[in-house]
Amino acid sequence: MDLSEVEKAVDDGRGYAAVSVKTLRNAVGAARAKKNVVAEISAGLRAAGFGHAPFEIPKRQDRMVLVYRLGTGSGAALMAMVEAAHGDGEQANGAAWLLSTMLPSLDGR
């Protein structure tokens with residue numbers, strides 16, 4: 001799994017970034033984001049020290065996923081809350097986007 005593009009986006013975002021399912025799918029070298037592919041993406045992100053919201057990665061490549069570095073940081077508590085209240089569908093897709101736009105204000109950017 002090549003997460004270099006994802007890792008760069010998260011680093012540039014100071015610990016989090018909204019990443020498309022297409023980008024995540026490409027990181028595992030898959031043509032489609034089927035059930036086993038999204039499970040592989042999720043496991044790969046965890047193994048690399050990342051969490052994601054929504055908790056279940058959507059199968060549609062045009063969806064956005066908020067990928068964040070696990071551990072400490074100004075958004076860590078918020079991310080833990082998001083992960084605890086995971087969901088799927090339109091609402092979760094919107095939440096990932098909304099959180100990615102709100103987090104800079106928590107960091108003082």
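Is Arg60 buried, exposed or partly exposed? Select Arg60 and keep that question in mind: at 46% relative accessibility, Arg60 counts as partly exposed. Remember as you click around that this is a predicted model.

**Stop 1: the partner of Arg60**

Now add Asp62 to your selection. Asp62 and Arg60 form a salt bridge, and their closest N and O atoms are 2.9 Å apart. Asp62 is partly exposed too, with a relative accessible area of 48%. Here is the general idea: side chains of opposite charge can pair when their charged atoms come close. The structure holds three salt bridges, so let's visit the others.

**Stop 2: along helix α1**

Select Lys8 and Asp12. Their salt bridge has its closest N and O atoms 2.7 Å apart. Because Lys8 and Asp12 sit four residues apart in helix α1, about one helical turn separates them. Lys8 is exposed, with a relative accessible area of 52%, and Asp12 is exposed as well, at 51%.

**Stop 3: from helix to strand**

Next, pick Asp11 and Arg69. Their side chains meet in a salt bridge, 2.5 Å from N to O. This pair links distant parts of the chain: Asp11 belongs to helix α1 and Arg69 to strand β3, 58 residues apart. Asp11 is partly exposed, with a relative accessible area of 43%, and Arg69 is partly exposed at 31%.

**Stop 4: the strands**

Stay with Arg69 and find Phe50, which stands opposite Arg69 in β3. Now show all of strand β2 (residues 50–53): four bridges join β2 to β3, and the two run antiparallel. Then select strand β1 (residues 16–20) along with β3 (residues 64–69). Five bridges join these two strands, which also run antiparallel. To see one such pairing, select Ala18, whose bridge partner in β3 is Leu66.

**Stop 5: the cores**

Where do the nonpolar residues gather? In soluble globular proteins, nonpolar side chains tend to be buried together. Select Val6, Leu24, Ile41, Leu45, Ile57 and Val67: these have the most contacts inside the largest nonpolar core, which has 19 residues. Colour α1 (4–12), β1, α2 (21–27), α3 (35–47) and β3, since each supplies at least two residues of this core. The largest share, four residues, comes from α3.

Last selection: Tyr16, Ala53, Leu66 and Tyr68. They are among the five residues of another core, which lies apart from the big one. You have met Leu66 already, as the bridge partner of Ala18.

Technical notes
Residues numbered from 1 in each chain as written. Predicted model: local features only at pLDDT ≥ 70, side-chain atom pairs only at ≥ 80, totals over all residues. Heavy atoms only, no water. Pairing = 2+ DSSP bridges. Core = buried A, V, L, I, M, F, W, Y, C linked by side-chain atoms within 4.5 Å. Buried < 20%, exposed > 50% of the residue type's maximum accessible area, 1.4 Å probe, protein only. Salt bridge = Lys/Arg side-chain N within 4 Å of Asp/Glu carboxyl O.
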